[in-house]
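Work through the exercises below with the sequence and the 3D view open. Try each task before reading its solution.

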Amino acid sequence: MADVLVVTSKVKKYIKEKGGCNTSSETIDVLSKAVELLCQKGIDTAKADGRKTVMARDIIIDHL
């Protein structure tokens with residue numbers, strides 16, 4: 001992964017506070033990849049609609 005797209009310290013703090021668990025570095029990589037894929041889907045949808053602005057409606061999260 002070239003870029004980390006999540007704030008590592010905040011993710012680790014959230015997981016520690018909410019679940020009392022530690023966070024592996026692989027977790028940060030997976031979350032960053034998920035954010036990257038969501039952004040790309042948003043970009044693709046915006047372009048398909050003829051827009052240069054990615055909007056909230058372009059970001060679709062399947063597993064919530």
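The exercises that follow deal with a predicted model.

**Exercise 1. Place aspartate 58 and decide whether it is buried or exposed.**

Step 1. Find helix H2, residues 25-48. Aspartate 58 sits in the segment after it.

Step 2. Check the accessibility. The relative value for aspartate 58 is 2%. Buried means under 20%, so aspartate 58 counts as buried.

Step 3. List the neighbours. Leaving out residues up to four places away in sequence, aspartate 58 touches Lys41, Gly42, Thr45, Ala46, Asp49, Arg51 and Thr53.

Step 4. Look for polar partners. The side chain of aspartate 58 has a polar atom 2.7 Å from the backbone nitrogen of methionine 55. It also makes a polar contact with the side chain of arginine 51, at 2.8 Å.

**Exercise 2. Trace the salt-bridge network that includes arginine 51.**

Step 1. Locate arginine 51. It lies in the segment after H2. Its relative accessibility is 19%, so it counts as buried.

Step 2. Take the aspartate 58 side. The two side chains meet in a salt bridge, 2.8 Å from N to O. Both arginine 51 and aspartate 58 are buried.

Step 3. Take the aspartate 49 side. Aspartate 49 forms a salt bridge with arginine 51, with the closest N and O atoms 3.1 Å apart. Aspartate 49 is partly exposed, at 48%.

Step 4. Join the pairs. Asp49, Arg51 and Asp58 form a linked network.

Step 5. Add a backbone partner. A polar atom of the arginine 51 side chain lies 2.7 Å from the backbone oxygen of threonine 53.

**Exercise 3. Describe the salt bridge between glutamate 17 and lysine 13.**

Step 1. Read the distance. The closest N and O atoms are 4.0 Å apart.

Step 2. Place the pair. Both residues lie in helix H1, residues 8-19. They are four residues apart, about one turn of the helix.

Step 3. Check exposure. Glutamate 17 is exposed at 59%. Lysine 13 is exposed too, at 52%.

Step 4. Set the pair in context. The model's salt bridges number four.

**Exercise 4. How many disulfides does the model have?**

Step 1. Recall the bond. A disulfide joins the sulfur atoms of two cysteines covalently.

Step 2. Apply the cut-off. The sulfur atoms must be within 2.5 Å. The count is zero.

Step 3. Check two cysteines. Cysteine 21 is partly exposed at 41%, and cysteine 39 is partly exposed at 37%.

**Exercise 5. Which residues form a nonpolar patch on the surface?**

Step 1. Name the members: Ile43, Val54, Ile59 and Ile61.

Step 2. Give the area. Together they have about 290 Å² accessible.

Step 3. Inspect one member. Isoleucine 61 lies in the segment after H2 and is partly exposed at 45%.

Key. Residues are numbered from 1 along each chain as its sequence is written. This is a predicted model: local features need pLDDT of at least 70, side-chain atom pairs count only at pLDDT 80 or more; totals for chains, interfaces and linings use all residues. Side-chain values use heavy atoms; hydrogens and water are left out. Helices (H or I, at least four residues) and strands (E, at least two) are DSSP runs, numbered from the N terminus. Buried means under 20% relative accessible area, exposed over 50%, partly exposed in between (1.4 Å probe, protein chains only). A polar contact is a pair of N or O atoms within 3.5 Å; within protein, one must be able to donate a hydrogen and the other to accept it, and residues adjacent in sequence count only if both atoms are side-chain atoms. Contact means heavy atoms within 4.5 Å. Patches are made of residues with over 30% relative accessible area and no salt bridge: like charges are joined within 9 Å, nonpolar side chains (Val, Leu, Ile, Met, Phe, Trp, Tyr) within 5 Å. Accessible areas come from the Shrake-Rupley method with a 1.4 Å probe; for residues, only the protein chains shown count as cover.
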